[in-house]
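User: Please take a close look at the side-chain contacts in this model, above all the salt bridges, and set out which parts of the chain they join.

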Amino acid sequence: MTEFELIARYFSRPCLDDAVLLAGGDDCAALRVPPGEVLLVSTDVLVSDRHFPAATAPFDIGYKALAVNLSDLAAMGGKPLGVTLGLALPAIQPEWLHEFARGFYTLAAEHKLCLVGGDTVKSPVLSLSVTVLGSAPPNHMLKRSGAKVGDLIAVTGTVGDAGFGLRAVLSPKTMPAALAQHEIKYLHDRLNRPTPRVAEGQKLAPFAHAALDVSDGLLQDLTHILTASGVGADISLNDVPLSPAAQTWIAAEPACALLPWSAGDDYELLFTVKAEDWSRVDFQATVIGRISAEPGLRVRDAHGHIVPMPAQGFDHFAAQVHKR
Ligand SMILES: [Mg+2]
């Protein structure tokens with residue numbers, strides 16, 4: 001199969017997005033940026049056995065490669081315009097490509113997102129590069145640097161699920177017996193098919209002060225906001241939002257209680273808002289703390305005592321599959 005045949009067979013689907021003037025067939029794609037808005041661009045490179053276990057289902061690789069990239073756009077409050085895909089493949093395996101494309105296009109369709117370009121090459125290691133293009137009004141972009149003293153700190157959805165999911169995949173024998181089958185499936189899905197919070201990001205853009213997506217771990221990502229904004233924070237240990245599956249796991253293995261603070265890969269939005277604006281948040285999100293003038297990050301228990309956090313957080317098999 002030639003490169004052209006490969007693209008024609010797996011990656012040529014009609015594009016119904018008005019933002020896309022040209023996609024495929026010419027030397028460049030052409031996209032319309034809405035008047036008065038700026039172009040947002042984000043690229044992720046994912047390498048097999050470094051960013052995902054090599055045995056990951058190709059559907060999930062395709063889905064997640066797009067999800068993590070869309071999540072960066074969501075974190076800026078952007079609206080997707082198009083996406084490009086670079087694929088480096090050790091071999092052309094039709095079944096693998098079919099499933100990969102199905103995963104990629106499943107999420108793309110949910111966001112009415114068109115694949116507007118890309119490239120394929122032969123390579124000894126499977127790797128892929130996704131670049132999402134989006135737009136936002138320049139005064140409604142969510143940045144990391146806007147957190148203000150007194151802001152509430154909140155996170156969408158639940159955290160820790162992907163970390164538990166990774167452990168379930170890499171070391172299934174260590175899973176607590178108390179986990180139900182549907183909870184195990186839930187954790188796998190949260191690891192392999194994260195939900196980019198695109199709609200939530202756009203809703204937050206007009207009033208949130210700072211935001212990013214949780215890829216490295218809640219505490220580490222919050223530190224990025226604090227550093228960029230020149231502020232500190234007080235966080236409540238017990239307020240971290242946990243799914244029923246994560247709660248089951250921690251109840252059975254209390255030593256894992258800190259994993260949700262450090263595991264990452266959840267792609268939830270971590271954001272800060274003025275307390276008066278909290279009522280404008282009309283989707284699932286949980287307040288976990290407050291921005292303070294005192295530099296540094298303090299995690300407190302229910303009695304207000306500072307809880308020492310491990311410097312590197314919980315090591316969730318970082319040696320096998322590195323954090324992004
Ligand atoms: Mg990010």
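Analyst: The salt bridges come first, followed by the disulfide and the aromatic pairs.

This is a predicted model, in which local features need pLDDT of at least 70 and side-chain atom pairs count only at pLDDT 80 or more, while totals for chains, interfaces and linings use all residues. Residues are numbered from 1 along each chain as its sequence is written, and side-chain values use heavy atoms, with hydrogens and water left out.

A salt bridge here is a side-chain nitrogen of Lys or Arg within 4 Å of a carboxyl oxygen of Asp or Glu. The count by this rule is 15 salt bridges. One of them is between arginine 193 and aspartate 60, with 2.5 Å from N to O. Arginine 193 sits in the loop between helix H5 (181-192) and helix H6 (198-204), and aspartate 60 is in helix H2, so this pair ties together parts that are 133 residues apart in sequence. Helices (H or I, at least four residues) and strands (E, at least two) are DSSP runs, numbered from the N terminus. Arginine 193 is partly exposed at 34% relative accessibility, whereas aspartate 60 is buried at 9%. For these terms, buried means under 20% relative accessible area, exposed over 50%, and partly exposed in between (1.4 Å probe, protein chains only).

A salt bridge also joins aspartate 265 to lysine 64, whose closest N and O atoms are 2.9 Å apart. Because aspartate 265 lies in the loop between helix H9 (259-262) and strand E10 (269-273) and lysine 64 in helix H2, the pair ties together parts that are 201 residues apart in sequence. Aspartate 265 is buried, at 16% relative accessibility, and lysine 64 is buried at 11%.

Glutamate 268 bridges to arginine 190, with the closest N and O atoms 3.1 Å apart. Glutamate 268 is in the loop between H9 and E10 and arginine 190 in helix H5, so the pair links distant parts of the chain, 78 residues apart. The relative accessible area is 0% for glutamate 268, which is buried, and 9% for arginine 190, also buried. Both belong to a network of salt bridges that links Asp161, Arg190, Arg197, Glu200 and Glu268.

The structure holds 1 disulfide, a term used for a pair of cysteine sulfur atoms within 2.5 Å. Cysteine 15 and cysteine 114 form this link, with 2.0 Å from S to S. It is right-handed, with 95 degrees about the S-S bond. Cysteine 15 is in the loop between helix H1 (3-10) and strand E1 (20-22), and cysteine 114 in the loop between helix H3 (94-110) and strand E5 (115-122), 99 residues apart. Cysteine 15 is partly exposed at 30% relative accessibility, and cysteine 114 is buried at 7%. Cysteine 28 has its sulfur 16 Å from the closest cysteine sulfur, that of cysteine 15, which is too far for a bond.

Aromatic pairs are rings of Phe, Tyr and Trp (its six-membered ring) with centres within 6.5 Å; planes under 30 degrees apart count as stacked, over 60 as edge-to-face and the rest as tilted. The count is 8 aromatic pairs. Among them, phenylalanine 59 and tyrosine 63 are stacked, 6.3 Å centre to centre with 20 degrees between the planes. The two are 4 residues apart in helix H2 (residues 58-75), about one helical turn, and both are buried.
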